[in-house]
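Please open the structure in your viewer and keep the selection tool at hand, since this tour moves from one selection to the next.

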Amino acid sequence: MDLPALSTSSAGRQTTLSYGYSKMNISKSGYRVFSANSTTACTELAKRITERLGVELGKSVVYQEANRETRVDVKESVRGQDIFIIQTIPRDVNTAIMELLVMAYALKTSCAKNIIGVIPYFPYSKQCKMRKRGSIVCKLLASMLAKAGLTHIITMDLHQKEIQGFFSFPVDNLRASPFLIQYIQEEIPDYRNAIIVAKTPSAAKRAQSYAERLRLGLAVMHGEAHHSESDMADGRHSPPLSRTTTGHTGLELPLMMAKEKPPITVVGDVGGRIAIIVDDMIDDVEDFVAAAEILKERGAYKIYIMATHGLLSADAPRLIEESAIDEVVVTNTVPHEVQKLQCPKIKTVDVSMILAEAIRRIHNGESMAYLFRNIAVDD
């Protein structure tokens, strides 16, 4: 296998890496790459990655029996090998998780040396905080993956970087921003007249990172908007039961004032500019559509959405097509070919290059620092 060629300029300041791979004999490579899903849409990313690596996709069969139980048959020896399982998450999230768990355990019992999960979009990542009487499902999933036999995970743009602390093994959280920034520079005409927009104050750090790298201005939207995590009546505000109490009968706790958000406002001038909203994922698009309408009212003449993970659930393609949004750009971490057929505004950026390079470096025991160059703690 040819190692990447490093070249340094005469000034010694600029280093470039050539992602070149020669076709290898997989029987001597010491690693295998499997797809944990047999459907065409989900194996597309796995095929792109193996093509870049110059290896063949591992032989396995993943299917659901008549009673919907998941069964995995590995068709070749994996003893003593580094095994990489690529699992993209389709609409049926829970089935995809079971496929990954069953395949990891099958490889573990087949004496694989290391089992590395390549999960570009990590499911349940929104459920990473305690919400009232709920649970931190993301931590539960991390424990299940460890128990199944995974020893390492490669993922991309976790919803919260602190999720890495849920795992008992290494996690490499890659970034898609270099690919999305390149798209902005090459595919958006007159991008110098653009402004980066944070849809909510919590997204301001991500938007600031884009703005500083592109040398563009920054705007932040703030105010009342529909929230999937909004507070719901759960009995906490109910009056206490009337009963006889002992001790501290006159105790009165200070009352926490309820939050009251103002109407949506835009902090920053977007008039006569191209507005580029950046986020880590786009799932239900109502918030993005509402934000686009506000930006149009404020004078933005084009509106782009940039997100790593294009989940695009429910009626997202139709809502995007009917909205003021000009283009939605997402990566191929999640299969969305059907949504693209329904809405031509949806564009895809390929990130298989960085995933393939991460696999190569982990197998060869090389540093991953190159893939995180110029990435600050807050990015």
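What follows is a walk through a helix pair, two cavities and a pocket in a model that is predicted.

**First stop: two helices**

Begin by selecting residues 93-109, which form helix α2, together with residues 137-148, which form helix α3; the two pack at an angle of about 25°, with their axes 8 Å apart. Because angles under 35 degrees count as roughly parallel, α2 is described as roughly parallel to α3. To see where they touch, show the side chains of I97, L100, L101, A104, Y105 and K108 on α2, and then those of L141, M144, L145, K147 and A148 on α3, as these residues make the contact. Colouring this contact by class gives nine nonpolar residues and two charged ones, with no polar residue among them.

**Second stop: the largest cavity**

Keep the two helices in view and turn to the enclosed spaces, of which a search of the whole structure finds two with a volume of 30 Å³ or more. Which residues line the largest cavity? Select Q87, I89, A96, I97, L100, I119, F122, P123, L141 and L145, and you have its lining, around a space of about 40 Å³. Both α2 and α3 supply at least two residues each to this lining, and α2 gives the most, with three. By class, the lining of the largest cavity has nine nonpolar residues and one polar residue, while charged residues are absent.

**Third stop: the second largest cavity**

Next, select Y121, F122, S125, M156, D157, L158, H159, D280, M281 and H309, which line the second largest cavity, a space with a volume of about 30 Å³. Here the classes are five nonpolar, three polar and two charged residues. Where does this cavity lie with respect to the domains? If you colour domain 1 (31-174) and domain 2 (178-225 + 263-349) separately, you will find that both give residues to the lining, so the second largest cavity lies between them.

**Last stop: the second largest pocket**

Finally, move to the second largest pocket, which has a volume of about 540 Å³. Of the 23 residues that line this pocket, those closest to its centre are I89, P90, R91, V93 and L311, and they make a good selection on which to centre the view. Then add helices α1 (40-53) and α8 (337-342), the elements that give two or more residues to the lining of the pocket; α8 gives the most, with three residues. With the domain colours still on, note that the lining of the second largest pocket draws at least three residues from each of domain 1 (31-174) and domain 2 (178-225 + 263-349). Coloured by class instead, the lining of this pocket shows 13 nonpolar, six polar and four charged residues.

Methods:
Residues numbered from 1 in each chain as written. Predicted model: local features only at pLDDT ≥ 70, side-chain atom pairs only at ≥ 80, totals over all residues. Heavy atoms only, no water. Axes fitted to C-alpha atoms, helices over the stretch in contact; angles between N-to-C directions. Helix = DSSP H or I, 4+ residues; strand = E, 2+ residues; numbered from the N terminus. Parallel < 35°, antiparallel > 145°, perpendicular 65-115°, else oblique. Contact = heavy atoms within 4.5 Å. Nonpolar A, V, L, I, M, F, W, Y, C, P; charged D, E, K, R; others polar. 1 Å grid on protein atoms, 1.4 Å probe; cavity = no way out; pocket = protein on both sides within 12 Å on 5 of 7 lines; lining within 4 Å. Points joined across faces, edges and corners; volume = space filled by probe spheres on them. Domains from an automatic or database assignment.
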